[in-house]
Every structure is written in C-alpha cells, then in structure tokens.
Amino acid sequence: MTRKRPPAARRIDPLDASGYLRDVAITCLALTLLLFPGAAFAETVPQPIAYSHKIHVTDYKLNCRFCHSSANKSQYANIPSVEKCMMCHRSIATDRPEVKKIARYWNGKKPIPWNKVIDVPNFVYFPHKKMVSAGIPCLTCHPGMDQAGTAVQNLEFGMGFCMDCHRKKKVSIDCWTCHY
Amino acid sequence: MSPKWAMAIDLDRCTGCGACVVACVAENNIPVVGEAEVEKGRLMQWLRVARYWDGEYPEAQAIYLPVPCMQCERAPCETVCPVYATYHNEDGLNAMVYNRCVGTRYCANNCPYSVRVFNWYDHKWEKPLDEQLSPDLTTRSRGVMEKCTFCIQRIRRAKETAAGEMREIRDGEVVPACVQTCPPGALLFGDLSDPHSGITRKLKDPRRFRLMEHLGTEPRVAYLKRQKGAGR
C-alpha cells in the first residue's frame with residue numbers, strides 16, 4: 001500500500017478517520033500485525049468450548065441479538081443458555097467435536113461454564129438496552145467481535161471512550177447517569 | 001422538563017416502626033457494621049428515625065422523626081467537596097459519586113442533618129448474605145462517603161421504562177424503598193414540577209415545615225407537623 005498525500009485544499013480533520021489518516025492507520029496496523037501477530041486482540045480468555053463468533057456472525061449472518069437476546073431489554077446482554085445453542089445444534093453440525101461438547105452439557109443438564117471476558121467495574125451502570133434503543137451498533141464497543149473466535153475485548157473501556165460518544169450525541173453526561 | 005423530586009413525611013402517621021430503615025438497608029446494599037462500630041458512631045444507615053420525648057413521664061409521648069438526606073437545593077456538603085464528588089444534578093438532586101470520592105469527609109462535617117455516612121472499612125457480606133445484594137447499584141468500598149440517593153436506581157429504571165414507551169414518568173411511578181415499605185403510609189415521594197402530582201397537593205398542607213429551615217439549605221424533604229392529641 002502506498003501512502004497518498006492529501007490534496008492541498010482538503011482540510012484534515014484529526015477526528016475524521018477517512019482518507020489520509022485512515023491510510024496511515026491501516027499501514028500502522030498492518031505493520032504491527034506483521035511484527036506482533038496476536039497484538040490486535042487483547043489477551044484471550046480461555047473458554048470451555050472453542051465457539052467462533054466469526055462463523056456464526058460473519059459466515060452465517062446471525063444477528064447478535066439472536067443469542068444475546070436481552071441486549072435490548074435489559075442492562076445485560078446475556079450469554080445464551082445451552083438450550084439456545086441446542087435449538088440449532090440438535091440438527092446442525094452435530095458431528096463437530098466442539099458441538100458434541102455442547103450436547104454433553106445438554107445431556108448432563110449443566111450450564112456451560114463460560115468465563116467472563118468483558119467486565120466493567122462495579123461502580124459503572126451500563127444498560128445495554130439504552131445503547132441498542134439509541135441505535136448504537138454492537139461493533140462500536142465490541143470491534144472485531146464479528147471476526148473473533150471466542151469473545152474478545154479489543155477496546156479499553158475508559159470513561160473517555162463513553163464520554164466522547166455521549167458528548168457527540170448530546171445525551172446526559174451527568175455523573176449519576178452511570179455512577180451510583 | 002426535568003423533574004423536581006421531593007419527599008413528604010407525615011409525622012401524624014409515622015409510628016416510628018423503623019421499617020423504612022430496614023427497607024433502605026436492604027435496597028441500597030448498606031452494610032451492617034455491628035455493635036462495636038455503632039458505639040463509635042459509625043452506623044451506616046442512610047435513613048434514621050430520630051426519637052424525641054415530648055412532656056414529662058406519665059404524660060410523656062415519643063415523637064419520631066425519620067431523617068433521610070434532605071437533598072438540599074443549596075446543599076452545604078457540595079461547596080466543601082474538593083474533588084467535586086458531590087454536586088447538584090440536572091434533576092435537582094444532591095448526587096454523590098463514589099468513584100470520585102477521596103474520603104476527606106468534609107461533606108459529612110458540613111451537613112447540618114448528619115445524614116452522610118462514611119465507609120471506614122471494606123465491608124464483607126458473608127455467604128449467603130451476598131445473595132441479597134442488589135445488582136442495580138454499587139457496593140461502596142473503604143474510604144468513600146455515602147448517603148441517601150432518593151433511590152436513584154429506581155428513578156433511573158422509571159426513566160428508562162418511560163423513555164422506552166415514549167412518555168413522561170407518571171406520578172407515583174418512582175417509589176423509593178422507604179416510601180414503598182412504610183406501613184402507615186407516612187412517606188410520599190413525587191415530582192414537585194408537576195402541579196397535579198400527589199406530592200404537590202400534599203405539600204399545600206398548612207402543617208408543612210422543613211428541618212432547620214433557618215439555615216437556608218432549601219431541603220427537598222418536607223415534614224407535616226404532628227397535631228397534638230389528634231387521635232392518640
């Protein structure tokens with residue numbers, strides 16, 4: 001990829017990640033990935049089943065909320081129950097070793113002991129349903145999830161990240177909106 | 001229009017049973033500190049029922065006065081906080097932000113109603129008591145000031161429900177734990193900016209007074225005076 005110089009008349013907005021800056025960003029990212037494979041994803045959390053978000057979301061075009069069905073109804077975007085997995089996997093890909101593991105949990109009437117990946121501190125109230133109803137795409141805060149295997153957290157959720165968006169969208173920035 | 005939350009406490013109805021205090025402790029993840037700490041004046045309750053004696057024995061009568069945070073409109077606690085951890089929010093509530101608090105305790109010392117409590121320790125809820133903790137709000141850690149929030153988690157929930165249904169919050173939709181539990185119905189909560197709300201009508205009562213009104217703190221909690229001998 002070659003770096004293009006921006007046209008002289010064009011104003012470069014540092015917040016606008018298009019054009020020149022995007023090229024720079026992509027080049028940097030490509031270099032980083034080349035030098036440190038795995039740097040793009042934060043530390044992966046081991047999970048009992050090698051679930052792939054990519055297969056379900058990108059390849060088979062499942063909506064996030066098919067499995068995380070309470071994201072628009074509740075504070076939490078739930079982890080689906082074994083029953084939800086078995087809705088499809090009773091008949092789909094039943095010969096795969098990872099799917100067989102689900103069946104084992106299902107037959108043993110045991111929940112799958114997923115490990116928590118994305119955790120916000122105790123003093124933060126983060127209602128998923130407000131974000132969904134405001135039309136924020138899931139990938140805004142969970143970038144790369146559609147390409148990931150088991151869940152990843154590629155973004156650090158600092159308060160600045162939340163505030164940028166809240167200011168831009170002119171929604172409440174009162175402390176008590178999220179901290180109580 | 002942003003609401004003006006307020007509480008009315010009818011002292012004619014209050015029997016001093018303390019159910020409001022219990023409800024508050026259960027709702028707001030308030031630790032129970034134990035006898036030794038209470039002796040040091042480190043009781044963590046956000047709402048206390050103060051008891052006074054009126055008259056001399058055999059005619060003595062107990063007077064009960066539930067004292068939550070007054071949510072003063074001109075709050076003395078706010079002006080002394082060096083880190084802006086307590087401030088006035090857009091609903092006119094006196095907000096307390098735990099993750100900003102550094103524990104100077106200036107606010108509690110400047111509160112004329114002594115309703116702020118301090119976490120001297122990290123409090124533990126032994127199993128199975130941890131099961132009762134509400135996930136809707138923080139469990140505060142050591143070195144943090146806390147106080148009555150008018151059950152902000154319930155206000156938030158009502159706001160979210162109302163926003164989801166594209167409407168304003170209805171009168172009586174927000175009910176703090178103490179108000180919900182009060183057996184004789186002595187406590188009432190509502191929005192003063194709504195001229196037809198129950199609280200607006202209740203506070204037109206001539207018995208209305210506020211605690212230490214001369215200080216000019218403009219409390220949002222108003223009391224209705226007990227009438228001597230009325231029905232007792």
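**Exercise 1. Place the salt bridge between Glu160(B) and Arg156(B) in its helix, and give the burial of both residues.**

Solution. Start with the pair itself. In this predicted model, Glu160(B) and Arg156(B) form a salt bridge, with 3.4 Å between the closest N and O atoms. Next, locate the two residues. Both lie in helix H5 of chain B, 4 residues apart, so about one helical turn separates them. Now check burial. The cut-off for buried is under 20% relative accessible area. Glu160(B) has 6% relative accessibility, so Glu160(B) is buried. Arg156(B) is at 11%, so Arg156(B) is buried too.

**Exercise 2. Find the residue of chain A that forms a salt bridge with Glu160(B), and say what the pair joins.**

Solution. The partner is Lys129(A), and the closest N and O atoms are 3.6 Å apart. The distance passes, because the limit is 4 Å. Count next: there is 1 salt bridge between chain A and chain B. Over all chains the count is 21 salt bridges. Then assign the elements. Lys129(A) sits in helix H6 (residues 128-133) of chain A and Glu160(B) in helix H5 of chain B, so the pair joins two chains. Finally, compare exposure with the cut-offs. Lys129(A) has a relative accessible area of 21%, so Lys129(A) is partly exposed.

**Exercise 3. Describe the contact between chain A and chain B by residues, area and polar pairs.**

Solution. Take the residues first. Chain A contributes 15 residues and chain B contributes 22 residues. Now the area. The size of an interface is often given as the accessible area lost when the parts come together. Here the two chains bury about 1,700 Å² between them, and 54% of that is on carbon and sulfur atoms. Then the polar pairs. Across the interface, 11 residue pairs are in polar contact. Last, the composition. The side of chain A that touches chain B has 7 nonpolar, 5 polar and 3 charged residues.

**Exercise 4. Work out which parts of chain B the salt bridge of Arg157(B) and Asp136(B) ties together.**

Solution. Begin with the distance: the two side chains meet at 3.0 Å, N to O. Arg157(B) lies in helix H5 of chain B. Asp136(B) lies in the loop between strand E6 (117-118) and E7, so the pair ties together parts 21 residues apart in sequence. Turn to exposure. Arg157(B) is partly exposed, at 49% relative accessible area. Asp136(B) is buried, at 19%. Chain B also has a network of salt bridges that links Asp10(B), Asp12(B), Lys202(B), Asp205(B) and Arg207(B).

**Exercise 5. Characterise the surroundings of Thr149(B).**

Solution. Locate the residue. Thr149(B) is in the loop between strand E7 (145-146) and helix H5 (152-164) of chain B. Check burial: its relative accessibility is 3%, so Thr149(B) counts as buried. Look at the side chain. One of its polar atoms lies 3.2 Å from the backbone nitrogen of Cys151(B). Then list the contacts beyond four places in sequence. These are Trp176(A), Trp46(B), Gln71(B), Leu93(B) and Tyr98(B).

**Exercise 6. Summarise the fold statistics of chain B.**

Solution. Count the elements: chain B has 7 helices and 10 strands. Take burial next. Of its 232 residues, 47% are buried. Now the surface. Chain B exposes about 12,000 Å², with 51% supplied by carbon and sulfur atoms. Finish with sequence separation. Among contacts in chain B with a separation of 6 or more, 63% are between residues 24 or more positions apart.

Definitions and conventions. Residues numbered from 1 in each chain as written. Chains lettered and ligands numbered in written order. Predicted model: local features only at pLDDT ≥ 70, side-chain atom pairs only at ≥ 80, totals over all residues. Heavy atoms only, no water. Contact = heavy atoms within 4.5 Å. Buried area = accessible area lost by both parts, 1.4 Å probe. Polar contact = N/O pair within 3.5 Å; in protein donor to acceptor, adjacent residues only side chain to side chain. Nonpolar A, V, L, I, M, F, W, Y, C, P; charged D, E, K, R; others polar. Buried < 20%, exposed > 50% of the residue type's maximum accessible area, 1.4 Å probe, protein only. Areas by Shrake-Rupley, 256 points an atom, 1.4 Å probe, with all protein chains shown as cover.
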